[in-house]
Amino acid sequence: METINLQKKSVKVVLEKKNLVKVTARVGLVLDITGSMRNLYKNGTVQRVVERILAIAAQFDDDGVLDVWVYDNEFSRLKPVTERDIEGYVNRIILEDDLVHKFGRNEELPVMKDVLTKYLEEDSSPDPAYIVFINDGGCKKSIKSLIESSAKYPVFWQFVGIGNGNFDFLRTLDTLEGRVVDNANFLDIEDIDKIPDHQLYESLLNEFPSWLQEARQKGIIKASEQKPPSNAPSVQQEERKSGFWNKVFRR
């Protein structure tokens with residue numbers, strides 16, 4: 001718990017520096033669990049990653065909940081984690097659960113679709129979603145159209161490459177065309193255990209402030225959102241009627 005408190009203090013310093021203290025955001029973490037990640041799960045590196053990203057969630061939202069996904073060629077939306085149950089989370093919720101598919105090949109598109117389903121369809125909110133996406137190389141180019149088409153929604157994708165894998169596609173994120181705003185960033189960290197907390201948080205939140213500003217200017221993030229009358233169709237119902245994924249991929 002003391003470690004989490006120190007990490008929260010490091011996050012707070014970065015938020016103050018970047019004028020993000022008053023920002024409320026939902027935080028999600030997507031973890032690569034392909035075969036090449038096996039050792040990082042076994043040696044505790046992934047557990048430490050979850051702890052460090054949880055500190056961001058604790059500062060961005062009062063409930064301090066971090067939503068978590070893992071993916072290889074399948075994906076699992078896991079039980080969200082808080083400070084109360086962070087200890088042993090990776091072993092308890094991921095490694096010891098036989099229902100969680102693990103150590104296969106990589107396929108990013110299905111899990112990214114599920115992230116959008118959660119934040120835009122199931123749990124819509126005026127608050128933006130900040131997604132940290134951990135990948136150790138070989139990310140499929142098939143996610144390109146999803147990143148471009150999701151730029152009109154209040155979701156920011158922060159990709160983090162760990163290790164020395166192939167990140168050629170992720171390095172092109174800033175130059176993707178056809179987007180209302182630049183909604184994705186890539187950070188390359190060879191050994192995530194060696195980067196100090198303050199440097200990690202500074203890097204993770206480097207482009208988030210400029211995205212927030214531009215998204216507000218474009219009306220993607222709204223200051224407030226009135227609830228529809230009780231007899232009006234819900235957002236979820238309207239999305240399902242119109243075909244949610246047709247809307248997401250409409251260019």
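The following exercises, each with a worked solution, concern the sheet and the largest cavity of a predicted model.

**Exercise 1.** Determine the order of the strands in the sheet, and explain why one side of E3 and of E6 is left without a neighbour.

*Solution.* Begin with the order: the open sheet consists of 6 strands, arranged E3-E2-E1-E4-E5-E6, with mixed pairing. Next, consider the edges, where strand E3 (75-77) and strand E6 (184-189) stand. Each has a single partner strand, and therefore one side of each lacks a neighbour in the sheet. Finally, from one strand to the next the twist averages 20°.

**Exercise 2.** Describe how E1 is joined to E4, and identify which elements helices H3 and H5 touch on the sheet.

*Solution.* Strand E1 (residues 26-32) and strand E4 (residues 129-135) run parallel and are joined by 6 bridges. In one of these pairings, Gly28 has Ile131 in E4 as its bridge partner. Turning to the helices, H3 (residues 45-60) packs on the sheet and touches E1, strand E2 (66-71) and E4. The direction of H3 makes about 165° with that of E1. Helix H5 (residues 108-122) also packs on the sheet, in contact with E1, E2, E3, E4 and strand E5 (155-162). The direction of H5 makes about 155° with that of E2.

**Exercise 3.** State which element gives the most to the lining of the largest cavity, and classify the lining residues.

*Solution.* The largest cavity holds about 30 Å³ of space. Its lining includes Val49, Arg52, Ile53, Val132 and Ile134. At least two lining residues come from each of H3, E4 and helix H7 (197-204), and H3 gives the most, with 3 residues. By class, 8 lining residues are nonpolar, none is polar and 1 is charged.

Terms used. Residues are numbered from 1 along each chain as its sequence is written. This is a predicted model: local features need pLDDT of at least 70, side-chain atom pairs count only at pLDDT 80 or more; totals for chains, interfaces and linings use all residues. Side-chain values use heavy atoms; hydrogens and water are left out. Two strands pair if DSSP finds at least two bridges between them. Helices (H or I, at least four residues) and strands (E, at least two) are DSSP runs, numbered from the N terminus. Axes are lines fitted to C-alpha atoms, for helices over the stretch in contact, and angles run from 0 to 180 degrees between N-to-C directions. Contact means heavy atoms within 4.5 Å. On a 1 Å grid over the protein atoms alone, a cavity is a set of points where a 1.4 Å probe fits but cannot get out, and a pocket is an open set with protein on both sides within 12 Å along at least five of seven lines; lining residues have an atom within 4 Å of a point. Grid points are joined across faces, edges and corners, and a volume is the space filled by probe spheres set on the points. Ala, Val, Leu, Ile, Met, Phe, Trp, Tyr, Cys and Pro count as nonpolar, Asp, Glu, Lys and Arg as charged, and the others, Gly among them, as polar.
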